[in-house]
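Have your viewer ready and a selection box open. Let's walk through this model together, one stop at a time.

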Amino acid sequence: MRSLERNLKVAFVASALALSFVGLAFVHSAGSYWGTVHYANTSPFIVKQGIYMAVSIGIAFFIMKSRFTSYEKSWTIVYYVAVLALIAVLIPGIGAFRNGSQSWIVLGPLSLQPAEFAKVALIGKLASSLTERSRGKRIFSIKHLALIFFPAGLIMLQPDLGSTVILVVSAFVVLFVAGYSLRFFTVIGVAGIAAFIALIAAASYRLDRIKSYIDPWSDPLGTGFQSIQSLFAIAPGGLFGHGYGNSRQKYLYLPEPQNDFIFSIIAEEIGFLGVVIVLSLFVVFLVATFGIAIRTNEPFSLLVVSGMGAMIFFQTFLNVGVVSGLLPVTGVTLPFISYGGSSLMTTWMAAGVIMHFMKYKNR
């Protein structure tokens with residue numbers, strides 16, 4: 001048993017580090033030409049991502065060692081700070097517009113995306129609330145739904161549908177693990193589908209994305225452009241790819257290839273076999289995460305670790321589904337790999353929480 005736990009720990013840490021280094025390498029490759037055009041050199045993306053990675057791993061180590069990670073009440077503070085940040089980003093002059101969404105808070109040379117950090121904060125706070133409620137033998141509470149849908153509503157006001165979906169799905173996994181009934185999920189599922197259809201119908205650009213998902217060639221230079229260019233990157237990659245650094249789509253055919261569509265560049269440069277290796281690293285990471293979750297010794301840690309794992313799993317699924325044309329286009333980064341400080345820090349924060357309960361499972 002101890003040998004299995006040790007193997008899970010090694011697999012978790014090794015796969016997380018490996019994915020981050022894969023991300024560092026392909027952020028450099030995918031963003032090299034973009035950096036040349038927009039920054040007059042080829043180094044800014046890898047330099048910044050290297051700094052983000054070092055800071056993120058440092059934060060994860062701090063979270064792993066901190067005793068406050070185990071304290072349920074500390075997550076209440078984290079949750080309300082995240083909510084305040086979500087409110088602040090909607091205030092003109094504080095929140096900055098990028099790619100059609102007011103999702104960023106700019107602090108000098110730094111920019112933060114509160115929706116990313118809200119995912120981790122919600123999982124911790126929800127797990128805390130569920131644990132307190134379960135001690136009284138009553139699980140269902142309107143409070144739990146309010147904890148989920150209040151920040152989800154704030155994120156939709158930005159608007160950011162991708163982050164909203166990830167936040168809600170990962171939170172509902174926590175509810176499922178806590179023991180919510182299947183009837184509850186049936187009712188919520190029907191209501192969620194109706195709400196999703198309403199959200200799409202309420203904004204013409206979302207409806208256009210659905211249309212381009214069904215037939216991207218109906219508007220190849222508009223809403224279908226990213227999907228088509230992504231497939232143009234993936235399909236020619238073949239079994240072994242064109243070789244590292246030899247992507248063609250990164251030459252401004254695929255917009256900002258170092259971000260949401262970095263998986264397309266990976267497929268183009270190292271081919272199907274390379275993609276299998278990268279996806280296998282994600283599988284190892286996620287299997288280790290849920291292996292750690294079921295070996296925790298009390299409900300709070302089980303819920304937190306399960307929620308963090310579900311968040312990373314679903315975000316990975318969503319990103320890969322989008323770039324491969326299986327899902328409609330939405331702005332979702334690939335955990336550990338895509339360029340961006342907020343995304344990388346959030347992923348490593350979740351990893352730090354998991355490592356904390358992996359190390360101090362009896363606390």
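What follows is a tour from the start of the chain through its helices and loops, with something to select at each stop.

Before we set off, this is a predicted model, in which local features need pLDDT of at least 70, side-chain atom pairs count only at pLDDT 80 or more, and totals for chains, interfaces and linings use all residues. Residues are numbered from 1 along each chain as its sequence is written, and side-chain values use heavy atoms, with hydrogens and water left out.

**Stop 1: helix α1**

Select residues 2–39, which form helix α1. Helices here are DSSP runs (H or I, at least four residues), numbered from the N terminus. Within α1, pick Lys9. Its relative accessible area is 34%, so Lys9 is partly exposed. The burial scale is simple: buried means under 20% relative accessible area, exposed over 50%, and partly exposed in between, using a 1.4 Å probe and protein chains only. Areas come from the Shrake-Rupley method with that 1.4 Å probe, and for residues only the protein chains shown count as cover.

Now add Arg6, Lys65 and Lys359 to Lys9, and you have a patch of positive charge on the surface. Patch members have over 30% relative accessible area and no salt bridge; like charges are joined within 9 Å, and nonpolar side chains (Val, Leu, Ile, Met, Phe, Trp, Tyr) within 5 Å. Lys and Arg count as positive and Asp and Glu as negative, while His and the chain ends are not counted. Each charge is placed at NZ of Lys, CZ of Arg, CG of Asp or CD of Glu.

Stay in α1 and move to Val27. Is Val27 buried or exposed? Val27 counts as buried because its relative accessibility is 0%. Show its surroundings: beyond the neighbours within four places in sequence, Val27 touches Phe45, Ile46, Gln49, Gln258, Ile262, Ile337, Ser338 and Tyr339. Contact here means heavy atoms within 4.5 Å. Try a distance label from Val27 to Gly340 as well: their C-alpha atoms are 9.6 Å apart, with their positions 313 residues apart in sequence.

**Stop 2: a salt bridge in α4**

Next, select Lys119 and Glu116, whose side chains meet in a salt bridge at 3.3 Å, N to O. A salt bridge is a side-chain nitrogen of Lys or Arg within 4 Å of a carboxyl oxygen of Asp or Glu. The structure holds one salt bridge. Lys119 and Glu116 are about one helical turn apart because they sit three residues from each other in helix α4 (residues 114–135). Both Lys119 and Glu116 are buried.

**Stop 3: two backbone details**

Zoom in on Gln158 and Pro159, which are joined by a cis peptide bond with omega of about -10 degrees. Pro159 belongs to the loop between α5 (142–156) and α6 (161–178).

Then jump to Phe336, in the loop between α11 (299–323) and α12 (341–359). Although Phe336 is not a glycine, it has a positive phi of about 70 degrees. Phe336 is buried, with a relative accessible area of 1%.

**Stop 4: around α9**

Select Gln249, in the loop between α9 (225–234) and α10 (262–293). Which residues does Gln249 contact, leaving aside its neighbours within four places in sequence? They are Gln229, Phe232, Ala233, Leu254, Ile265 and Glu268. Gln249 is itself buried, at 8% relative accessible area.

In α9, highlight Ser227, Ile228, Gln229, Ser230 and Ala233, which are buried. The buried residues of α9 pack against α10 and α11.

Back in the loop between α9 and α10, pick Tyr251. Tyr251 is partly exposed at 40% relative accessibility. Together with Tyr33, Val37, Leu252 and Tyr253, Tyr251 makes a nonpolar surface patch of about 460 Å².

**Stop 5: α8 and the loop after it**

Finish with Ile214 in helix α8. Ile214 counts as exposed, with 65% relative accessibility. Its C-alpha atom is 9.4 Å from that of Gly325, though Ile214 and Gly325 are 111 residues apart in sequence.

Your last selection is Asp219, in the loop between α8 (204–214) and α9. Asp219 is partly exposed at 31% relative accessible area. Leaving aside neighbours within four places in sequence, Asp219 is in contact with Gly224 and Phe225. Draw a line from Asp219 to Thr346 too: their C-alpha atoms are separated by 35 Å.

Terms used: Helices (H or I, at least four residues) and strands (E, at least two) are DSSP runs, numbered from the N terminus.
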